[in-house]
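Trainee: Please take a close look at a single part of this model and tell me what surrounds it. Some context from elsewhere in the chain would also help.

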Amino acid sequence: MSPRTAEGNTRARASDNSEAAQCSTVVVSHRTLEPFLGAAFDAYEGCSPRKPPSSFALLLGTLRDGRALIHATEFADNVRSADTAAAEEFRTTIVPRFGAAYANMHRGFWCDSRDLLRIHQRAAGLGLDVLGSIHLHPDWHRMGPPHERGLRISEAPTPMDAYMFGNTGWPVNMICYVERHDEWLSYALGAWRPPPGPQAPDSQAASCAPLRIQFHDSGERRLQA
């Protein structure tokens with residue numbers, strides 16, 4: 001996710017809108033998440049120690065009474081390795097701050113600004129807002145290269161995640177943690193607020209308060225917004 005390509009009005013809504021600031025619960029159906037989960041599992045199966053898996057989608061929905069109801073996920077292209085602004089951000093800010101692992105061009109997600117505009121327009125046409133994002137965390141401490149196995153990964157945000165969450169300002173930031181047990185893949189979900197303000201690099205992740213996740217039936221008993 002790019003801290004530079006999120007539309008300014010999205011961040012303004014997230015920081016100034018009292019409903020966004022009071023968001024405490026994410027409401028979503030398994031059916032809504034199925035496209036993202038399928039892409040995340042495919043990315044996991046196709047990764048290697050030199051090429052971490054990457055899967056990212058935006059969350060479209062409505063926000064009311066402290067509850068973010070997610071209606072749809074929308075995919076965007078990753079231009080991390082092609083966009084000059086992305087390359088400069090990683091070289092000058094992200095790598096010095098969060099470590100040499102982020103010099104890997106396959107690591108990190110930089111949302112194509114054209115896709116972001118398209119998704120914002122689609123959301124507006126549906127009467128929805130872009131409320132945030134969801135991205136993949138693999139069990140990299142098991143499958144990554146030996147020198148990167150010290151940091152345990154989970155559905156909790158890393159310091160790098162918190163940096164990105166803070167720059168976009170979206171009220172809902174979901175992480176899908178995927179790990180392998182024998183022949184099975186399992187996943188866990190976390191949802192987080194952005195950090196409240198500038199933080200020291202080693203404390204940012206802890207400052208992302210958790211959001212409660214509720215699952216609803218997307219069939220005939222559909223929860224109304």
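Mentor: What follows starts with one tryptophan, W192, and then turns to a helix and a pocket. The model is predicted. W192 belongs to strand β6, which covers residues 184-192. Its relative accessible area is 14%, and because buried means under 20%, W192 counts as buried. Setting aside neighbours within four places in sequence, the contacts of W192 include E155, A156 and P157. F165 is also in contact with W192, as are P171, V172, N173 and I175. On the other side in sequence, C208, A209, P210 and L211 touch W192 too. A further pairing is with V26: 166 residues separate V26 and W192 in sequence, while their C-alpha atoms are 9.5 Å apart in space.

Next, the helix. Helix α3 takes in residues 30-45, 16 residues in total. From first C-alpha to last, α3 reaches 21 Å, close to the 22 Å expected at 1.5 Å a residue. There is nevertheless a bend of about 35° in α3, placed at F36. F36 is itself one of the buried residues of α3. The others in that buried set are T32, L33, L37, A40, A43 and Y44.

Last, the pocket. The second largest pocket holds about 270 Å³ of space. Its lining is made up of 15 residues, and those nearest the centre are K51, P52, S54, N78 and H106. Sorted by class, the lining of this pocket has seven nonpolar residues, six polar and two charged.

Methods: Residues are numbered from 1 along each chain as its sequence is written. This is a predicted model: local features need pLDDT of at least 70, side-chain atom pairs count only at pLDDT 80 or more; totals for chains, interfaces and linings use all residues. Side-chain values use heavy atoms; hydrogens and water are left out. Helices (H or I, at least four residues) and strands (E, at least two) are DSSP runs, numbered from the N terminus. The expected span of a helix is 1.5 Å times one less than its number of residues. The bend at a residue is the angle between axes fitted to the seven residues ending there and the seven starting there. Buried means under 20% relative accessible area, exposed over 50%, partly exposed in between (1.4 Å probe, protein chains only). On a 1 Å grid over the protein atoms alone, a cavity is a set of points where a 1.4 Å probe fits but cannot get out, and a pocket is an open set with protein on both sides within 12 Å along at least five of seven lines; lining residues have an atom within 4 Å of a point. Grid points are joined across faces, edges and corners, and a volume is the space filled by probe spheres set on the points. Ala, Val, Leu, Ile, Met, Phe, Trp, Tyr, Cys and Pro count as nonpolar, Asp, Glu, Lys and Arg as charged, and the others, Gly among them, as polar. Contact means heavy atoms within 4.5 Å.
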